[in-house]
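Here are some notes to read alongside the model. Please keep the sequence and the structure open as you go through the points.

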Amino acid sequence: LFRPTVKRLFSTSHSSVDSKEMKKFQLLAHKWWDEEGEYSALHSMNDIRVPFIRDTLLNMSSNYHLGKPLSGVKILDVGCGGGLLSEPLGRLGASVTGIDPLEDNIRTADRHKSFDPVLAKRIQYKSSSLEEIVEESMETFDVIVASEVVEHVADLEMFIKCCSQVLKPEGSLFITTINKTQLSYVLGIVIAEKIIGIVPEGTHEWEKFVPPEELERLLESNGFSVKTLNGMLYNPLSGSWSWMESTSVNYAMHAVKSGAQGQSSPTDTLSETESEQPSATAGTTM
């Protein structure tokens, strides 16, 4: 039944997935949940990225469930890897879909969530690229998280367009990534990969790092407005992350998709008939 769409999706000569990047992560797929291993910096990044996502969303919402603050929020975790960020978001009550083009990553993520019956219900993983789910997921998600992903995609503009398509109007996009500066080259590649080895060598290519100005320009030109930009600092000695003013190495960004887009009128009428109650944000355009 689904064959024609599958064919059409895969025959697109253009994909945001970079096959060189895939090979790199394939070798580490079984290492995701080793907190002392190659992904230790991503484990400790949860200490700041999870509260950043949670608190930003709570500040925008009037509904609050004690103990499950993100209850009812539909999140898409793009490039979810082994589920390091999907799981804590699921624990906060969100319903999470994690996608990753590497099947081995999804296998690892599925196995890990199966140990927790609550998470097993709240999180669903798919081995898929973002483009492959666009058709079935138009304006489906309240939130998209792309953490440490945009520096690995082949076509950033296409990636952002796809994010916009699967996000509901006024939905939130959270991105963490690495700036393209001399400092990020020295710290992110020379020191982190070659000298102290907290990141596997060859993980990053400096050419693909994205300056926040460029990311902001791409987002603004694709119907997003950028709300927050924060610098992030990793301390390799303590293995911990903190917020900082400077965005010269790592940074986090929160952007919101604009609510009233003239071009999406067919889906507008559809979502009006679907929803029983008017949304709290309807009519309040910024």
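**Notes on a predicted model**

1. The largest cavity holds about 40 Å³ of space. This is a predicted model, and with a threshold of 30 Å³ or more the cavity count comes to one. Which residues line the largest cavity? They are Arg 49, Phe 52, Ile 53, Leu 85, Val 145, Ala 146, Ser 147, Phe 174, Ile 175 and Thr 176. Helix α3 (40-60) and the strands β4 and β5 each supply at least two residues of that lining.

2. Some overall figures help before going further. The protein chain has eleven helices and eight strands. Of its 286 residues, 48% are buried. Among contacts in the protein chain with a separation of 6 or more, 73% are between residues 24 or more positions apart.

3. In what order do the eight strands of the open sheet run? The order is β3-β2-β1-β4-β5-β8-β6-β7, and the pairing is mixed. The edges are formed by β3 (123-127) and β7 (240-244), each of which pairs on one side only. From one strand to the next, the twist averages 20°.

4. Strand β4 deserves a point of its own. Its partner β1 runs parallel to it, and three bridges join the two; Leu 76 has Ile 144 in β4 as its bridge partner. Strand β4 (residues 141-147) is also parallel to β5 (residues 167-178), here with six bridges. Within that pairing, Val 145 is bridged to Phe 174 in β5, and Ser 147 stands opposite Thr 176 in β5. Val 145, Phe 174, Ser 147 and Thr 176 also appear in the lining of the largest cavity.

5. Is β4 largely enclosed or open? Six of its seven residues are buried, so β4 is largely enclosed by the rest of the structure.

6. Two residues in the loops around β4 should be checked for their backbone angles. Most residues other than glycine have a negative phi. Glu 139, in the loop between α7 (130-134) and β4, has a phi near 50°, a positive value. Glu 148 is in the loop between β4 and α8, and its phi is also positive, at about 55°. Neither is a glycine.

7. Are Glu 139 and Glu 148 buried or exposed? Buried means under 20% relative accessible area. Glu 139 has 18% relative accessibility, so it counts as buried. Glu 148 has 14%, so it counts as buried too.

8. Helix α8 (residues 156-166) is mostly covered, with eight of its eleven residues buried. The buried ones are Leu 156, Met 158, Phe 159, Ile 160, Cys 162, Cys 163, Ser 164 and Val 166. Several of these can be compared with the helix repeat on the display. An α-helix has 3.6 residues a turn, so residues three or four places apart point the same way.

9. What does α8 lie across? It lies across β1 (74-78), β4, β5, β6 (224-235) and β8 (250-257), and runs at about 145° to β5. At the N-terminal end of α8, Asp 155 acts as a cap. A side-chain oxygen of Asp 155 lies 3.3 Å from the backbone nitrogen of Glu 157.

10. Glu 87 is found in helix α4 (residues 86-91). Its relative accessible area is 2%, so Glu 87 is buried. What does the side chain of Glu 87 meet there? A polar contact of 2.7 Å joins it to the side chain of His 112, and it also reaches the backbone nitrogen of Lys 113 at 3.5 Å.

11. Which residues does Glu 87 contact beyond its neighbours within four places in sequence? They are Trp 33, His 112, Lys 113, Leu 119, Ile 123 and Tyr 125. The list includes His 112 and Lys 113, the partners from the polar contacts of Glu 87. Ile 123 and Tyr 125 fall within the range of the edge strand β3 (123-127).

How values were computed: Residues are numbered from 1 along each chain as its sequence is written. This is a predicted model: local features need pLDDT of at least 70, side-chain atom pairs count only at pLDDT 80 or more; totals for chains, interfaces and linings use all residues. Side-chain values use heavy atoms; hydrogens and water are left out. Buried means under 20% relative accessible area, exposed over 50%, partly exposed in between (1.4 Å probe, protein chains only). Helices (H or I, at least four residues) and strands (E, at least two) are DSSP runs, numbered from the N terminus. A polar contact is a pair of N or O atoms within 3.5 Å; within protein, one must be able to donate a hydrogen and the other to accept it, and residues adjacent in sequence count only if both atoms are side-chain atoms. Contact means heavy atoms within 4.5 Å. Two strands pair if DSSP finds at least two bridges between them. Axes are lines fitted to C-alpha atoms, for helices over the stretch in contact, and angles run from 0 to 180 degrees between N-to-C directions. On a 1 Å grid over the protein atoms alone, a cavity is a set of points where a 1.4 Å probe fits but cannot get out, and a pocket is an open set with protein on both sides within 12 Å along at least five of seven lines; lining residues have an atom within 4 Å of a point. Grid points are joined across faces, edges and corners, and a volume is the space filled by probe spheres set on the points.
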